[in-house]
Amino acid sequence: MIKGLAITPPVLGRISIGRVVEKNGIRLPQKDDQFTITSQIQEKDGWVPHPMDEELRKNAPNRKLRTIPVRMLFNDADLNLRAEYTMFDRKSGRPMCVGNGDTCKRLTQSGVQSLPCPGPTLCEFGKGGLCKPYGRLNVKVGDDDDLGTFIFRTTGYNSIRTLAARLSYYQAVSGGLLAYMPLELKLRGKSTTQSHRTPIYYVDLVIKEGVSLLEAVAEAREKAMLVKEEGVDQAGLDSAAVKGFGNALFEYDEDEMSQVVEEFYPFKLDECSSGPSSIKASLRKVQNLTETSHK
């Protein structure tokens with residue numbers, strides 16, 4: 001296996017709860033109140049929808065896609081959802097520092113160093129919103145590809161916290177048979193003081209509608225036995241994933257780095273409406289922050 005390259009689950013498409021729109025020549029993320037499933041092809045008008053999006057949307061109330069039936073690829077919850085505090089280089093989109101709130105790996109001029117990680121709010125290196133929680137959830141949608149996944153990427157605390165809890169709980173109650181549980185992603189909304197009482201949306205993971213927890217666990221056990229009898233080694237798959245994720249210092253996809261910057265480090269709306277001079281000043285500010293963080 002080639003070293004220094006994270007071997008991650010094959011990705012067939014993306015799941016998002018928003019989209020990127022262009023305003024005054026600047027591309028900005030725009031939140032939505034429904035899921036969108038896209039392919040990995042991006043055109044001038046945005047991401048091309050995946051055929052699965054229309055297939056699920058046609059049966060959704062008001063054609064708003066707010067639930068997606070999914071299965072996990074791995075039995076280990078932490079393999080399906082990887083989440084860390086991450087600081088990205090705003091120019092290249094590559095991770096510069098990745099930590100778990102205890103320790104971190106930080107890219108410096110002398111190489112990668114292991115350092116204490118106090119979290120985004122207490123870290124001088126990543127203060128000012130440079131460091132964010134960054135989660136990647138890989139799920140199986142449909143039956144066309146046994147090992148292909150769709151990826152949901154987020155820096156939202158609500159989605160990351162909820163997904164991490166659900167995955168660990170379902171892994172526990174199923175006796176470690178998470179990959180066989182019938183689940184669905186569900187879009188939820190809530191209002192907070194910080195959101196000025198306007199709705200914010202996050203992603204939850206629940207038992208498939210119409211199926212009880214007891215029925216889901218029974219189904220998982222039955223399917224796990226059947227798959228094992230057919231010769232599929234799920235434990236071996238999990239082991240291969242652990243090895244693949246650990247094959248590089250940082251997990252990232254070169255093709256998605258510009259998208260990370262575009263989605264997670266957007267210009268503020270007031271900067272975009274202030275004209276070219278303000279935009280240029282913002283670009284200089286971003287460049288200075290990036291150059292300073294390398295020192």
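Patches are made of residues with over 30% relative accessible area and no salt bridge; like charges are joined within 9 Å, and nonpolar side chains (Val, Leu, Ile, Met, Phe, Trp, Tyr) within 5 Å. Accessible areas come from the Shrake-Rupley method with a 1.4 Å probe, and for residues only the protein chains shown count as cover. A salt bridge is a side-chain nitrogen of Lys or Arg within 4 Å of a carboxyl oxygen of Asp or Glu. One nonpolar surface patch is formed by Met1, Ile2, Leu5 and Ile7, which together have about 390 Å² of accessible area.

The model is predicted: local features need pLDDT of at least 70, side-chain atom pairs count only at pLDDT 80 or more, and totals for chains, interfaces and linings use all residues. Residues are numbered from 1 along each chain as its sequence is written, and side-chain values use heavy atoms, with hydrogens and water left out.

The chain holds eight helices and 12 strands. These are DSSP runs numbered from the N terminus, with at least four residues for a helix (H or I) and at least two for a strand (E). Of the 295 residues, 42% are buried. Buried means under 20% relative accessible area, exposed means over 50%, and partly exposed lies in between (1.4 Å probe, protein chains only). The exposed surface of the chain is about 16,600 Å², with 52% of it supplied by carbon and sulfur atoms. Contact means heavy atoms within 4.5 Å. Among contacts between residues at least 6 apart in sequence, 64% join residues at least 24 apart.

Within the surface patch, Ile7 sits in the segment before strand E1 (11-23). Ile7 counts as partly exposed because its relative accessibility is 36%.

Strand E4 (residues 67-70) has two faces. Ile68 and Val70 make up the covered face, Thr67 and Pro69 the uncovered one. E4 runs antiparallel to strand E11 (residues 183-190), and four bridges join them. Two strands pair if DSSP finds at least two bridges between them. Thr67 has Lys186 of E11 as its bridge partner.

Ile68 also belongs to the interior. A nonpolar core is a set of buried Ala, Val, Leu, Ile, Met, Phe, Trp, Tyr and Cys residues joined through side-chain atoms within 4.5 Å. The largest such core has 37 residues, and Ile15, Ile68 and Leu185 touch the most other members. Helix H4 (residues 213-229) gives this core its largest share, five residues. A separate core has six residues, including Cys97, Cys104, Cys117 and Cys131. Beyond its neighbours within four places in sequence, Ile68 contacts Ile15, Phe35, Ile37, Leu56, Val141, Leu183, Glu184 and Leu185.

The loop between helix H1 (51-57) and E4 contains Asn62. Arg63 is found in that loop between H1 and E4 as well. Asn62 has a positive phi of about 55 degrees although it is not a glycine. Phi of Arg63 is likewise positive, near 60 degrees, in a residue other than glycine. Asn62 is exposed, because its relative accessible area is 75%. Arg63 counts as partly exposed, at 39% relative accessibility.

Nine salt bridges are present. One joins the side chains of Lys64 and Asp33 at 2.9 Å, N to O. This pair links distant parts of the chain, with Lys64 in the loop between H1 and E4, Asp33 in strand E2 (residues 26-43), and their positions 31 residues apart. Lys64 is partly exposed at 26% relative accessibility, whereas Asp33 is buried at 18%. Asp53 and Arg57 form another salt bridge, also at 2.9 Å, N to O. Both lie in helix H1, four residues apart, about one turn of the helix. Asp53 and Arg57 are both buried. A further salt bridge joins the side chains of Glu124 and Lys127 (2.9 Å, N to O). Glu124 is exposed at 58% relative accessible area, and Lys127 is partly exposed at 48%. Asp33, Lys64 and Arg66 are joined into one network by salt bridges that share partners.

Two loop glycines complete the description. Gly176 lies between helix H3 (157-173) and E11. Gly176 is partly exposed, with a relative accessible area of 27%. Its C-alpha atom is 7.3 Å from that of Asp76, 100 residues away along the chain. Gly119 lies in the loop between strand E8 (111-116) and strand E9 (131-139). Gly119 counts as buried because its relative accessibility is 7%.
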